[in-house]
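Colleague: I would like to practise reading a model with you, one feature at a time. Could we start from the picture?

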Amino acid sequence: MTHTEYLYFNTKERTEFVRITEQVNEAIRKSKMTSGLALVNPSHITAAVIVNDDEPGLKKDFIRLLKKLAPEGERYDHNLTGEDNAYAHLWRTLMGHQVVMPFTDGHLDLGPWEQIFYLEFDGQRKKRVVIKLVGD
Ligand code: ZN
């Protein structure tokens, strides 16, 4: 069986971490599947989906690392096209693209500190995440 859900975001900040563990569990519940895999994919090339700890200091540490590796104000060839979001494309690939997580007994089979996050790097406009469930 498969089941597909979409989440929509329009973040207040240009860069934002949004915890979506609960929405993924809700999609699993609606699917009525008990066991399988949940693929969570941001449909945009300036956003990422990751699994990590929901700890505020760590979120700041990730952003600090990304700013060090690819500062927003750097000279980028991509920005010569008239865009200003080259850093966001780079951050998305540095943080990873999408995740595939197991679900068991009708909910995400997470480790004790695992949470799923949507990472917005060029927000303040409508964005989408696809949740694709495969299982039975
Ligand atoms: Zn761009």
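Colleague: Which spacing do the donors of the zinc ion follow along the chain?

Modeller: Keep in mind that this is a predicted model. The zinc donors are spaced as H-x4-E-x1-N-x3-H. Put into residues, the protein donors are His 78 through NE2, Glu 83 through OE, Asn 85 through OD1 and His 89 through NE2, and they lie 2.1 to 2.2 Å from the zinc ion.

Colleague: What arrangement do the 4 donor atoms around the zinc ion make?

Modeller: As a yardstick, four tetrahedral donors would ideally sit at angles of 109.5 degrees. Here the angles subtended by the 4 donor atoms run from 80 to 159 degrees, so the arrangement is irregular.

Colleague: And is Asn 85 buried or exposed?

Modeller: Asn 85 is buried, at 4% relative accessible area. His 78, by contrast, has 27% relative accessibility and therefore counts as partly exposed.

Colleague: Let's move to the strands. What is the strand order in the open sheet of 5 strands?

Modeller: The general idea is that strands in a sheet pair through backbone hydrogen bonds, parallel or antiparallel. In this open sheet the order is β1-β8-β3-β5-β6, and the pairing is antiparallel. β1 (2–9) and β6 (107–108) are at the edges with a single partner strand each, so one side of each has no neighbour in the sheet. At the β6 end, 2 bridges connect it to β5, residues 99–104; in one of the pairings, Phe 103 has Leu 108 of β6 as its bridge partner.

Colleague: Which residues of β7 are buried on its two sides?

Modeller: In a regular strand, side chains alternate between the two faces of the sheet. For β7, one side carries Gln 115, Phe 117 and Leu 119 and the other Ile 116, Tyr 118 and Glu 120, all of them buried. With 6 of its 6 residues buried, β7 is therefore largely enclosed by the rest of the structure. It runs antiparallel to β2 (residues 16–19), with 4 bridges, and antiparallel to β4, with 6 bridges. Glu 120 is the bridge partner of Glu 16 and also of Ala 47.

Colleague: Which residues have the most contacts inside the largest nonpolar core?

Modeller: They are Ile 20, Val 24, Val 40, Ile 116, Tyr 118 and Leu 133, in a core of 21 residues. Elements that each supply at least two of its residues include α1 (21–31), β3 (36–42) and β8 (127–135). A second, separate core has 16 residues, among them Ile 50, Leu 66, Trp 91 and Met 95.

Terms used:
Residues are numbered from 1 along each chain as its sequence is written. This is a predicted model: local features need pLDDT of at least 70, side-chain atom pairs count only at pLDDT 80 or more; totals for chains, interfaces and linings use all residues. Side-chain values use heavy atoms; hydrogens and water are left out. Two strands pair if DSSP finds at least two bridges between them. Donors are N, O and S atoms within 2.8 Å of the metal (3.2 Å for Na, K and Ca); water is not among the atoms, so sites may look incomplete. Four donors count as tetrahedral if all angles lie between 85 and 135 degrees; four count as square planar and six as octahedral if opposite donors are over 155 degrees apart and all others between 65 and 115; anything else is irregular. Buried means under 20% relative accessible area, exposed over 50%, partly exposed in between (1.4 Å probe, protein chains only). A nonpolar core is a set of buried Ala, Val, Leu, Ile, Met, Phe, Trp, Tyr and Cys residues joined through side-chain atoms within 4.5 Å.
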